[in-house]
Amino acid sequence: MKSIFNKLSISVLTLALVVSFTSCSSVKNANNKQKGAVIGATGGAILGAIIGNNVGKGGNGELGAVIGGVVGGGAGVLIGNKMDKQAQKIEEEIPGAVVDRVDDGIVVTFDENSGVYFDTAKYNINSASQQTLNKLVAVFKEYPDTNILVVGHTDSVGSEENNMILSKNRAYAVTNYLTNQGLSSGRFTTNWFGESQPTNDNSTAEGRAKNRRVNVAILPNQKMIDDAKMESGEN
């Protein structure tokens, strides 16, 4: 009886969310765990948060295959709640980082002003960046049921070829540092895009500083998805 009641409650909740958030403005104003139930398996928004619209330039393959779609229904609500808590934890532990909740994932952006940065033309992890990454390691260990995508970018100074190599080296420097702190390498995918994905104006020093960045996307792994479906009665 309790199981039936739980399934009914989740179904009613999901239906209520769909009705409540039908309009675009309502979805825009909904929190992320609510949007997980409404949007369904559309995905894609997290790609824009990391690289814009030019998917597939550089790197080691299409990111869409790594990110996948959004989990809908009651399972989406449960996953959204877990990811909301993890995002809040990162914001608390690393106040300089830019933390965005997108679809079922979290996108953390590090640039020269937000915790993980590199000296000009260098890709070694300096001591200040190590302190920030150590805090991120602690969060990843607290929330083990996630996959992690690391993406490197540069500004437009220097040749396109050198910037592609530099962004690759910086992305792998972050990935290698995190895995060397005891995180499973199986959780990680590493990608890089050189200067091809600027988020700011490369004609200004401030814009270039923001373009020299590493994004870390945190995504629910299959275990989190399966557990959420089981808990919601969708399995």
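Two strands count as paired when DSSP finds at least two bridges between them. With that in mind, let us walk through this predicted model, starting at strand β2, residues 105–110, and strand β5, residues 214–220. Five bridges join β2 to β5, and the two strands run antiparallel. To see one of these links for yourself, look for phenylalanine 110, whose bridge partner in β5 is valine 214.

Now step back to the sheet that holds this pair. It is an open sheet of five strands, ordered β1-β2-β5-β3-β4, with mixed pairing. At the edges stand β1 (98–102) and β4 (188–192); each has a single partner strand, so one side of each is left without a neighbour in the sheet. From one strand to the next, the twist averages 20°.

Helices come next. Helix α6 packs on the sheet, where it touches β1, β2, β3 (146–152) and β5, and its direction makes about 175° with that of β1. Helix α8, residues 160–180, lies across β3, β4 and β5 and runs at about 160° to β4.

Helix α8 also takes part in an aromatic pair. How many such pairs does a search of the whole structure find? The search finds one. Its members are tyrosine 172 and tryptophan 192, with ring centres 5.8 Å apart and planes at 50°; the pair is tilted because planes under 30 degrees apart would count as stacked and those over 60 as edge-to-face. The pair links distant parts of the chain, since tyrosine 172 sits in helix α8 and tryptophan 192 in strand β4, 20 residues apart.

Let us now see how the helices meet one another, beginning with α6 (residues 73–93) and α7 (residues 127–142). Their axes come within 10 Å and cross at roughly 155°. Angles over 145 degrees count as roughly antiparallel, and α6 and α7 are therefore roughly antiparallel to each other. The crossing in which α6 passes α7 is right-handed. On the α6 side, the contact is made by Gln86, Lys89, Ile90 and Glu93, and on the α7 side by Lys135, Leu136, Val139, Phe140 and Glu142. By class, these residues are four nonpolar, one polar and four charged.

Helix α7 meets α8 as well. Their axes are 10 Å apart, and the helices pack at an angle of about 55°, so α7 and α8 are oblique to each other. Here too the crossing is right-handed, with α7 passing α8. From α7 come Gln130, Leu133, Asn134, Val137 and Phe140, which meet Val174, Tyr177 and Leu178 in α8. What classes of residue does the contact of α7 with α8 have? There are six nonpolar and two polar residues, and no charged ones.

Our last stop is helix α10, residues 222–232, which packs with α6 at an angle of about 125°, their axes 8 Å apart. That angle makes α6 oblique to α10, and the crossing of these two helices is right-handed. Helix α6 brings Gly74, Ala75, Leu78, Ile79, Lys82 and Met83 to the contact, while α10 brings Met224, Ile225, Ala228, Lys229, Glu231 and Ser232. The residues of this contact divide into seven nonpolar, two polar and three charged.

Definitions and conventions:
Residues are numbered from 1 along each chain as its sequence is written. This is a predicted model: local features need pLDDT of at least 70, side-chain atom pairs count only at pLDDT 80 or more; totals for chains, interfaces and linings use all residues. Side-chain values use heavy atoms; hydrogens and water are left out. Axes are lines fitted to C-alpha atoms, for helices over the stretch in contact, and angles run from 0 to 180 degrees between N-to-C directions. Helices (H or I, at least four residues) and strands (E, at least two) are DSSP runs, numbered from the N terminus. Angles under 35 degrees count as roughly parallel, over 145 as roughly antiparallel, 65 to 115 as roughly perpendicular and the rest as oblique. A crossing is left-handed if the near helix is turned anticlockwise from the far one by less than a right angle, and right-handed if clockwise. Contact means heavy atoms within 4.5 Å. Ala, Val, Leu, Ile, Met, Phe, Trp, Tyr, Cys and Pro count as nonpolar, Asp, Glu, Lys and Arg as charged, and the others, Gly among them, as polar. Rings of Phe, Tyr and Trp (its six-membered ring) pair if their centres lie within 6.5 Å; planes under 30 degrees apart count as stacked, over 60 as edge-to-face and the rest as tilted.
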